[in-house]
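Work through the exercises below with the sequence and the model open. Each task is followed by a solution in steps.

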Amino acid sequence: MFRRNKRRQQSENKQYEYIIPLKSKVYRFIRKFLFGFILASIVNFVFSYFFYTPKVYSLTKENYELVLKLKMLQGKIGEASGKLSEIHRRDKGVYRAILGVDSVEIPELVSAYDIRSEYKNNRYASMLDDSWNDLNNLSLNLLKQSISFDTLQVLSSDKG
């Protein structure tokens, strides 16, 4: 009798397990994985939107420094242009008056510059273009002034 009761208890306490098919397990795993991936992507996007990563921070700092250097270069180009215009004024007003020469015809030098197509959509394209044009004009004016001084040197050696 003791055995019989034991068997009855075992059968009554026995729990039946529900067997999940492999296909459902795979789908459940893929669904959890995709949900985790999407959640991680959203968190990453929000974090990168509100906070700079070290790489973005260093790029922003480098960009700021380059813009600052470009502005300093524009200032130096402006100073050099001012000095060159002063030299040109002296050439026209003083040296040519001393040598009795009216003016020398120097052909107009023109160098066309068009900003490259890869820089046209850059937000600093206008600043780069202005700097390049100022530097180009400075070099052309320097070349014209050099030709003028060479002519003055030839004229002064002829008179002397």
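**Exercise 1. Aromatic pairs**

Find how many aromatic pairs the whole structure holds, and classify the pair Phe29 and Phe33.

Solution. A search of the whole structure gives four aromatic pairs. The rings of Phe29 and Phe33 have centres 6.4 Å apart and planes at 20 degrees, so this pair is stacked. The criterion is that rings of Phe, Tyr and Trp (its six-membered ring) pair if their centres lie within 6.5 Å, with planes under 30 degrees apart stacked, over 60 edge-to-face and the rest tilted. Next, place the pair: Phe29 and Phe33 are four residues apart in helix H2 (residues 22–50), and therefore about one helical turn separates them. Helices here are DSSP runs (H or I, at least four residues), as strands are (E, at least two), numbered from the N terminus. Phe29 and Phe33 are both exposed; the classes are buried under 20% relative accessible area, exposed over 50% and partly exposed in between (1.4 Å probe, protein chains only).

Now take the pair Tyr49 and Phe50: which class does it fall in? Its ring centres are 5.1 Å apart and the planes stand at 85 degrees, so it is edge-to-face. Tyr49 and Phe50 are exposed too. Ring pairs also bring in Phe45, giving a cluster of Phe45, Tyr49 and Phe50.

**Exercise 2. Confidence**

State what kind of model this is and where the confidence is lowest and highest among the elements.

Solution. The model is predicted: local features need pLDDT of at least 70 and side-chain atom pairs count only at pLDDT 80 or more, while totals for chains, interfaces and linings use all residues. Residues are numbered from 1 along each chain as its sequence is written, and side-chain values use heavy atoms, with hydrogens and water left out. The pLDDT (the predictor's confidence in each residue, from 0 to 100) has a mean of 80 in the protein, and 78% of the residues reach 70 or more. Among the elements, helix H1 (residues 2–13) has the lowest mean, 52, and H2 the highest, 93.

**Exercise 3. Salt bridges**

Find which residues the salt bridges join into one network.

Solution. The whole structure has two salt bridges, each a side-chain nitrogen of Lys or Arg within 4 Å of a carboxyl oxygen of Asp or Glu. In one, Glu86 pairs with Arg89, with the closest N and O atoms 2.5 Å apart. These two residues are three apart in helix H3, about one helical turn. Glu86 is partly exposed, at 29% relative accessibility. Glu86 also bridges to Arg90, where the closest N and O atoms are 3.6 Å apart. Arg90 and Glu86 are four residues apart in H3, and Arg90 is partly exposed at 41%. The shared partner joins Glu86, Arg89 and Arg90 into one network.

**Exercise 4. Helix H4 and the fold**

Give the element order of the protein, then the span of helix H4 and what covers its buried residues.

Solution. The protein has four helices and zero strands, in the order α-α-α-α from the N terminus. Helix H4 (residues 125–159) has 35 residues and spans 51 Å from first C-alpha to last, close to the expected 51 Å; the expected span is 1.5 Å times one less than the number of residues. Its buried residues include Met127, Leu138, Leu140 and Leu152. Helix H3 (54–99) is among what covers the buried residues of H4. Ile98 of H3 and Ser156 are 58 residues apart in sequence and 9.6 Å apart in space, C-alpha to C-alpha. Ile98 is exposed, at 65% relative accessible area. Over the whole protein, buried residues make up 11% of the 160 residues.

Definitions and conventions
Contact means heavy atoms within 4.5 Å.
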